[in-house]
Amino acid sequence: MPISLDELEAKILARYSVAKPTYDAEKCPDWFHADQQKAWESTADVVIICAAWQSGKTVALPWLLLREIQRKGPGDYGAFSSTYKLLSRKFLPELRKVFGQFAEFRASEMRFEFTEAGEVAIFGKRQETPTVIQLGYAENPDSLESATLKAVVWDEPGQRLVPEQSYRTVESRLMVNRGRMFLASRPYEFNWFQSLTASADGERVHAVTFPSWANPVNPPKDDEYWTRLRRELPAWRFAMLYEGRFTRPAGAIYDRFDEAENVVEDFAIPDHWEIYVGQDFGDRNMAAVFIARNPEDGGLYCFASYHDGSRTVTEHIKRLRAKALRLTSGIAGGAPSEDDWRRNFSLAGWPIKKPPVRDVEVGIQRVYRLIVDRRLKFFRHGAAKVIDEINRYAREVNEDGEPTEKIADKETFHRLDALRYVASTFFTYAEPSTIKTGRQKLVAV
């Protein structure tokens, strides 16, 4: 059937005319409070919302993502959380509130896909390229290995279970499109998220922090409610839960570690300096730290670390030698009972001595003393993973927020075990002194 001129004209106009969205995602939601608006107004590539409980951090993320979708056009986007539980119970409901009117949620594929009506609302017309929001969580790293992304929102990335590598993976997925990332989390512990927040320059990375009372639905700052909580909770816990501020918890083991004092920029190790290695054994978790000693002043510099598994002794030694720069002045490693490991490495040309200290707590105290005296320093990049473990190394706390003797997730700190083994090498005297850390009493020798 021949098409009329009017119909032809309509088709041409529909195809070539400038499309106008029916929804304006550039308009900041009128219920955003002042601190949420700061995140909205930021132009940084990475925007961090580091805020307290019930302060309005998670609910802001879907709106920020919707705006980026309208700006960047059809394609792939990401909405991530730290765990599946948080994603399904907390973040997904907020995403559905915003995107339910524009996209269909496909539970089996863990993603939102924009409908034709949604495309018209956001882009002004139907699109040939689909618009997809892929959901993922750090417990399942494969879920973060998505396609090239145009923007990402991430809820609670500061949790212990989220490694820095997950952040780097997501960052790489945004590289092609110069996509933006929005992170919203409560402060949990000193880790990569804390370092990223602390180092925000306001240009590439912008951090916005705010307390629970910034949200007008909560009691105001001077309310008795907050006064009561301050009385009931340890100061560090109140600061992190309700003020949105990072502070070292009572259970932090190396609580006197100071990045300003104990971290240095990487530099070339002089040829005449001594090299020492501490090693922790394991079939799947072979770990080591490498320390250079300045013979002139006794200064110690942890310049590299190693963590690998499922390799032969010979293969491990080859990689350890590459890290150690040259022949070592001493290698110490393993628990007292691990003579077989030491023998196997020694026979293969990597002579390991039994550490001079058997007790775990004494080893921790010796590392602590080196840190407090600022005698032990760490390369910012070469020893970054050791620094990360130091910041996360803590004792479990009881219901009153007081530290117990038990080390939280002790089996995961392989590099710190290696550091503990080699630390005793640098003590040639035994003059005890008492160091108090919170309610802990450590005797450092």
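Me: What makes the eight strands S3-S4-S5-S2-S6-S7-S1-S8 an open sheet with edges?

Reply: In this predicted model, eight strands line up in the order S3-S4-S5-S2-S6-S7-S1-S8 with mixed pairing. Strand S3 (103–106) and strand S8 (205–210) each pair on one side only, and these two are the edge strands. Direction ignored, neighbouring strands in this sheet are turned by 15° against each other on average.

Me: How do you know that S2 and S6 are paired?

Reply: Pairing takes at least two bridges. Four bridges join S2 to strand S6 (residues 151–155), so they count as a pair, and they run parallel. Within it, Phe-80 has Trp-154 of S6 as its bridge partner.

Me: What makes you say that helix H3 packs on the sheet?

Reply: Its contacts. Helix H3 (residues 61–72) touches S1, S2, strand S4 (111–114), strand S5 (132–137), S6 and strand S7 (180–185). The direction of H3 makes about 175° with that of S7.

Me: Why is Thr-83 called buried?

Reply: The cut-off for buried is under 20% relative accessible area. Thr-83 has 9% relative accessibility, so the residue counts as buried. Thr-83 sits in the loop between strand S2 (76–81) and helix H4 (84–99).

Me: Which residues does Thr-83 touch, leaving out those up to four places away in sequence?

Reply: Tyr-137, Glu-139, Gln-159 and Leu-161. The C-alpha atom of Thr-83 is also 6.0 Å from that of Ala-138, although the two residues are 55 apart along the chain.

Me: What makes the approach of the Thr-83 side chain to the backbone nitrogen of Leu-86 a polar contact?

Reply: The limit for such a pair is within 3.5 Å. The Thr-83 side chain reaches the Leu-86 nitrogen at 3.1 Å, so the distance fits that limit.

Me: How do you know that S14 pairs with S9 and with S12?

Reply: Again, at least two bridges are needed. Strand S9 (residues 263–264) has two bridges to strand S14 (residues 376–379), and strand S12 (residues 300–308) has three with S14, so both qualify. Both pairings are parallel. Val-264 stands opposite Phe-379, and Cys-302 stands opposite Phe-378.

Me: Which residues in the largest nonpolar core touch the most other members?

Reply: Among its 54 residues, they are Tyr-254, Phe-290, Phe-345, Trp-350, Phe-378 and Leu-419. Beyond four places in sequence, Phe-378 has contacts that include Val-264, Cys-302, Val-386, Ile-387, Ile-390 and Leu-419. Val-386, Ile-387 and Ile-390 are among the buried residues of helix H14 (residues 384–392). Apart from this core lies another, of 39 residues, including Ala-51, Ala-103, Val-208 and Phe-210.

Note on methods:
Residues are numbered from 1 along each chain as its sequence is written. This is a predicted model: local features need pLDDT of at least 70, side-chain atom pairs count only at pLDDT 80 or more; totals for chains, interfaces and linings use all residues. Side-chain values use heavy atoms; hydrogens and water are left out. Buried means under 20% relative accessible area, exposed over 50%, partly exposed in between (1.4 Å probe, protein chains only). Contact means heavy atoms within 4.5 Å. A polar contact is a pair of N or O atoms within 3.5 Å; within protein, one must be able to donate a hydrogen and the other to accept it, and residues adjacent in sequence count only if both atoms are side-chain atoms. A nonpolar core is a set of buried Ala, Val, Leu, Ile, Met, Phe, Trp, Tyr and Cys residues joined through side-chain atoms within 4.5 Å. Axes are lines fitted to C-alpha atoms, for helices over the stretch in contact, and angles run from 0 to 180 degrees between N-to-C directions.
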